[in-house]
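Please walk me through the open and enclosed spaces of this protein, and through the way its aromatic rings are arranged around one another.

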Amino acid sequence: MKTTLAELAILGGPPAFVEPLHVGRPNIGDRTRFLERVGEMLDRRWLTNDGPFVKEFEGRVAALLGVRHCVATCNGTLALELAIRGLGLRGEVIVPSFTFVATAHALQWHGIRPVFADVDPRTHTLDPEQAERAVTPQTSAILGVHVWGRPCAVDALTAIAKAHRLRLVFDSAHAFACSYQGTLLGRFGDAEILSFHATKFFHTVEGGAVVTNDEDLAQRARLMRNFGFAGYDTVLTLGINGKMNEMCAAMGLTNLEQLDDIISTNLRNYTHYRRGLANVPGVSLVTYDPRERCNYQYIVLEVDEGRAGLERDDLLEVLRAENVLARRYFYPGVHRMEPYRTLYPQPALPGTQWLAARVLSLPTGASISPDDINALCGIIALAVTHAAEVRATVQRRRTAMGHPAD
Ligand code: T4K
């Protein structure tokens, strides 16, 4: 545990961690069980195309979430695309800019303009009032994102979608096993989409799903996922290859068996971070509502420069020097990325910009121990205690490296 300024790596001390700590280090479930399943798959010689593991996985996810249909896909972005196509979205879709770029890309890829509306900086999710203001005659849907697994204002967005006759989709890439007012997410709006990417607390290596209670949508998504095939030689619609393979489903089934353990580990980590950062001025941990079910997969800080004496980016450099690969999810906001900043005039999104300048995601999951977390929190506390010296050092380094401001 570092206790003096000189020990900080940014001031010349040795890095606290020999191996880098990653934000998205995958959780690996029971290897023996996974390899048994891989063995079964090889023996069966059925590797993809709606195989038995995929069917079992879909059934288990649907049952867990209490939703009628789960259509598993090769990734979350493709699941978004199937929902977009399957629901016939067009024109404009209202979406937050404070999200991973895939949320908007999936729309733009299909010639639909993502219209960015601001988020509520307290919740980090789409502000319903701002979403409603963005409705135009071209709007076909609202696409809300349950950022960090904290649910959007589901009821308010549902009412707006109904009032304007819009489709409502939720990007639940972060929100597997999280609830809204006690009901697990996955059955709200016309559809929700999940990501099971390796960096998610629960993963299938690569994977995703459309979950919905809409029978027609599920049927269309299934068809489109497999080139539109309805039989050996019958193609009913335009389709794509969006299938989940058996290896990924085997990983998913194995990890599902340990879902509760993974969540407990995340909760343990969250509790340690909370304790470790409780008395650090200007550095606050984004909290989760204890009345809701939550996967606790993201540990997110907000850095208030005025109180901490450090900017978020200063802290990022301090941590990187210690071999902690913290991430600025979701900087700078999708509306300030290409192609959106060039293609469309972008509105000022003060809530999004305020957040994008302050947030920092930290490592969690099974690969990080309570001792690691204590050491990491100690580094943050030390940097804030000596904010002026740390800041001066960071600025000198930036100037020496030729980029005075990021
Ligand atoms: N909607 C939302 C709201 C999303 O957050 C995402 C994905 C999507 C939609 C789309 O879902 P998918 O189509 O991806 O299923 C990562 C993930 O790749 C991405 O899935 C995730 N969101 C996003 C928040 O994080 P990057 O570009 O930051 O990944 P990368 O390569 O920088 O990796 C993150 C960290 O994890 C690194 O420090 C390396 C470490 N890592 C990564 C992998 C893959 C490992 O240690 N081992 C690994 O196997 O996007």
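The paragraphs below take up the largest pocket, then the cavity, and then the aromatic rings.

This is a predicted model, in which local features need pLDDT of at least 70 and side-chain atom pairs count only at pLDDT 80 or more, while totals for chains, interfaces and linings use all residues. Residues are numbered from 1 along each chain as its sequence is written, and side-chain values use heavy atoms, with hydrogens and water left out.

The largest pocket (on a 1 Å grid over the protein atoms alone, an open set of points with protein on both sides within 12 Å along at least five of seven lines) holds about 540 Å³ of space, a volume being the space filled by probe spheres set on the points, which are joined across faces, edges and corners. Because domain 1 (5-25 + 259-326 + 363-400) and domain 2 (31-256) both contribute residues to its lining, the largest pocket lies between them; the domain bounds come from an automatic or database assignment. Its lining comprises 35 residues (those with an atom within 4 Å of a point), and S195, H197, T199, K200 and Y298 lie nearest its centre. By type, the lining divides into 14 nonpolar, 17 polar and four charged residues. At least two lining residues come from each of α3 (76-86), α4 (102-108), β9 (191-195) and β16 (359-362), and α3 gives the most, with three.

The structure also holds one cavity of 30 Å³ or more, a cavity being a set of points where a 1.4 Å probe fits but cannot get out. The largest cavity contains about 30 Å³ of space and is lined by S172, A173, F176, L194, S195, K200, F201, F202 and Q297, which divide into five nonpolar, three polar and one charged.

F202 leads on to the aromatic rings, where the structure holds 18 pairs (ring centres within 6.5 Å; planes under 30 degrees apart are stacked, over 60 edge-to-face, and the rest tilted). In one of them F196 and F202 meet edge-to-face, at 5.3 Å centre to centre and with 90° between the planes. F196 is buried, with a relative accessible area of 0%, and F202 is buried at 1%, where buried means under 20% with a 1.4 Å probe and protein chains only. Elsewhere, ring pairs link F98, F100, W148, Y298, Y329 and F330 into a cluster. A further contact places the charged end of R44 over the ring of F53, 4.6 Å from its centre (CZ of Arg within 6 Å of the ring centre and within 35 degrees of the ring normal).

How values were computed: Rings of Phe, Tyr and Trp (its six-membered ring) pair if their centres lie within 6.5 Å; planes under 30 degrees apart count as stacked, over 60 as edge-to-face and the rest as tilted. Buried means under 20% relative accessible area, exposed over 50%, partly exposed in between (1.4 Å probe, protein chains only). Helices (H or I, at least four residues) and strands (E, at least two) are DSSP runs, numbered from the N terminus. Ala, Val, Leu, Ile, Met, Phe, Trp, Tyr, Cys and Pro count as nonpolar, Asp, Glu, Lys and Arg as charged, and the others, Gly among them, as polar.
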